[in-house]
Amino acid sequence: MSGFVVKGWCPDAWRPMMAGDGLLVRVRPPLGRLTGPQVEGLCDAAIRHGNGQIDLTSRANLQLRGATDTSWPALLAELQALGLVDPDPVREGRGAILVNPDWSEDDDSHAVARELRARLAELPDLPGKVGVVIDAGTLPMLTDAPGDFRVERAATGGLLLRADGRATGVAVRRNDAAEALIRLAHWFVASGGAKAGRMARHCVPLPAWASGDVPPASAAPPLRPGAHPMGAVYGLPFGRIAAGALGAFATEHRGPIRLTPWRMLLAEGVVPRPAADMLLEDAPILHVDACVGAPACPQASVETRDLAARLAPVIQGHLHVSGCAKGCARARAADWVLTGREGAFDLARNARAGDLPLHTGLSPERAVALLGAC
C-alpha cells in the first residue's frame, strides 16, 4: 500500500518533524516523570510557542504540536531550562528509555534506568526508532511495549537482559544490567543491526554471553484509570490533552506526574477527583487507538478521531483507526483496523494498519454500519 512516507526516524526536541499543524516537538522526560513546576512550565511553553495541543505517545513521550521555525528555538531553550531536554543533542537522541511507570526510588527499575541515563554517551549511534525498556518491577508490565533492548523481571525472580524478538534472555544483576545492555547495543551495531533497523528484525545469532534460556515473569496488567497506591491514574482519549487543561491541573495538584505508554497519566499524591480532558474511569474510548489523522498529518488522507469516537461505544474488541498505512498510533495488531487510503477506509480483521483488507473504499458511514453490526 503506497501513499505514505516512512521517514525512518522519530522526532525529538532537537530535531522536530513537520506535520500538517506545524512542527512536532517530542519531549522525553527523564524516567518518564515531571515535577509539578516542570508540567506547568512545559504547558506554558506549549501555549506560547505552539498550538497548545499535547499528545502522550505509546512510548510515554510528550509531543508538543504547532511550533514554527520561528518559535521552535525559544521552545527548545525553555525545555532545556526546565530540565526536560538534554543540552547535548546526541545524548537527547539516545534517551529513548521507557521505564515501568510505577518505579520507586532506588528500586531495580530506577537504579538501572538512572545508571543507563548517566552513561548515554557510551551507547553507539543506533537507528532512529530503536528504544530501550526497563521493566524490572515486581512483575513486568511493559511486555507489549516496543523496545529493542530490555531489562526485565525474570520468572526466576532476578533480572534478565532480553533482545526483542527473543522469547528468553540472560540473567543479569542490578549492578551490571546497564553495562550488559550497552554491550548488547554495541554488538547490534557491529553485527549489522543498523541495516535491519530493529532488533526483532535482526536475524543474526546473539553472542554467547547474551544468549540465555531465562524467561521473563508473567506480565502484570497495565494501569487503568482510577485510584492507585501512588495517587490517581487518568486516561487521555487518544492521548491528547490541551496544555491549558494539563497546566491547570498541575497548578492545583502541584505534585509530580508520571507518563505511561497506555496514554494515561499517573498523578502522584492525588486523591482521585475529576479533571478537564482526563478520565478517572475506564471508558470505551480509552480502548480505541487513532492517530491525529488529516489535516494535522500530511500523510493522512482521512479524518480519524471523530470516526473512532463514534465507533468506540459499539465496537466489539480493540479498534485501531489509522490515517495511513504507517499505523503510528498502534504498532501491534488490533481486532479491527481501519486504514485510510485515498480519502476512504480499508477494513481488516486481526491486523495492523495497511494489512490485507476485508473491505476497501469505505466511507465513515459505511464503516460505522459494518462495525456496529460485528
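**Reasoning from values to terms in a predicted model**

Trainee: Why is Ser109 called buried?

Mentor: In this predicted model, Ser109 has a relative accessible area of 0%, and since a residue is called buried when that area is under 20%, Ser109 counts as buried. Ser109 belongs to helix α4, which covers residues 108-118.

Trainee: Which residues is Ser109 in contact with, leaving aside its neighbours within four places in sequence?

Mentor: Ser109 is in contact with Val99, Asn100, Trp103, Ile134, Asp135, Ala136 and Gly137, where a contact requires heavy atoms within 4.5 Å. Asp289, by comparison, lies 180 residues away along the chain, and its C-alpha atom is separated from that of Ser109 by 28 Å.

Trainee: How many aromatic pairs does a search of the whole structure find?

Mentor: The search finds two aromatic pairs. One of them is formed by Phe149 and Phe188, with 5.7 Å from centre to centre and 80° between the planes.

Trainee: What makes the pair of Phe149 and Phe188 edge-to-face?

Mentor: Two values have to be set against their cut-offs, namely the centre distance, which must lie within 6.5 Å for a pair, and the plane angle, which must be over 60 degrees for the edge-to-face class. With 5.7 Å and 80°, Phe149 and Phe188 meet both conditions, and the pair is edge-to-face. The pair also links distant parts of the chain, since Phe149 is in strand β8 (residues 149-153) and Phe188 in helix α5 (residues 177-190), 39 residues apart.

Trainee: How do you know whether Phe149 is buried or exposed?

Mentor: Phe149 has 1% relative accessibility, which is under the 20% cut-off, and Phe149 therefore counts as buried. The reasoning for Phe188 runs along the same path: its relative accessible area is 0%, so Phe188 is buried.

Trainee: Why is the pair of Tyr234 and Phe249 called edge-to-face?

Mentor: The ring centres of Tyr234 and Phe249 are 5.3 Å apart and their planes stand at 70°; because the cut-offs are 6.5 Å for the centres and 60 degrees for the planes, the pair is edge-to-face. This pair, too, links distant parts of the chain, with Tyr234 in strand β12 (residues 231-235) and Phe249 in helix α7 (residues 243-253), 15 residues apart. Both Tyr234 and Phe249 are buried.

Trainee: Which are the buried residues of α7, and what covers them?

Mentor: The buried residues of α7 are Ala243, Ala245, Leu246, Gly247, Phe249, Ala250 and His253. Their cover includes α1 (36-49), β4 (53-56), β12, β13 (240-242), β14 (257-259) and β15 (264-268). Just after α7 comes Arg254, which takes a positive phi of about 70°.

Trainee: What is the sign of phi in Phe238 and in Arg263?

Mentor: Phe238 has a positive phi of about 60° although it is not a glycine, and Arg263, likewise a residue other than glycine, has a positive phi near 55°. Phe238 is in the loop between β12 and β13, and its relative accessible area of 11% is under 20%, so Phe238 is buried. Arg263 lies in the loop between β14 and β15, and at 14% relative accessibility, which is again under 20%, Arg263 counts as buried.

Trainee: What kind of peptide bond joins Ala294 and Pro295?

Mentor: The bond between Ala294 and Pro295 is cis, with omega at about 5°. Pro295 is placed in the loop between β16 (288-290) and α8 (305-311).

Trainee: How do you know that the radius of gyration of the chain agrees with that of a compact globule?

Mentor: For 374 residues, a compact globule would have a radius of gyration near 21 Å, and because the chain has 20 Å, the two values agree. Of these residues, 55% count as buried, and the chain has nine helices and 20 strands.

Trainee: Where does pLDDT stay under 50?

Mentor: That is the case over residues 1-6, for which the model has 12 contacts beyond four places in sequence. Where pLDDT is low, the predicted coordinates should not be read in detail. For the chain, the average pLDDT is 94, and 97% of the residues score at least 70.

Terms used:
Residues are numbered from 1 along each chain as its sequence is written. This is a predicted model: local features need pLDDT of at least 70, side-chain atom pairs count only at pLDDT 80 or more; totals for chains, interfaces and linings use all residues. Side-chain values use heavy atoms; hydrogens and water are left out. Rings of Phe, Tyr and Trp (its six-membered ring) pair if their centres lie within 6.5 Å; planes under 30 degrees apart count as stacked, over 60 as edge-to-face and the rest as tilted. Helices (H or I, at least four residues) and strands (E, at least two) are DSSP runs, numbered from the N terminus. Buried means under 20% relative accessible area, exposed over 50%, partly exposed in between (1.4 Å probe, protein chains only). The radius of gyration is taken over C-alpha atoms; the globule rule is 2.2 Å times the number of residues to the power 0.38. pLDDT is the predictor's confidence in each residue, from 0 to 100.
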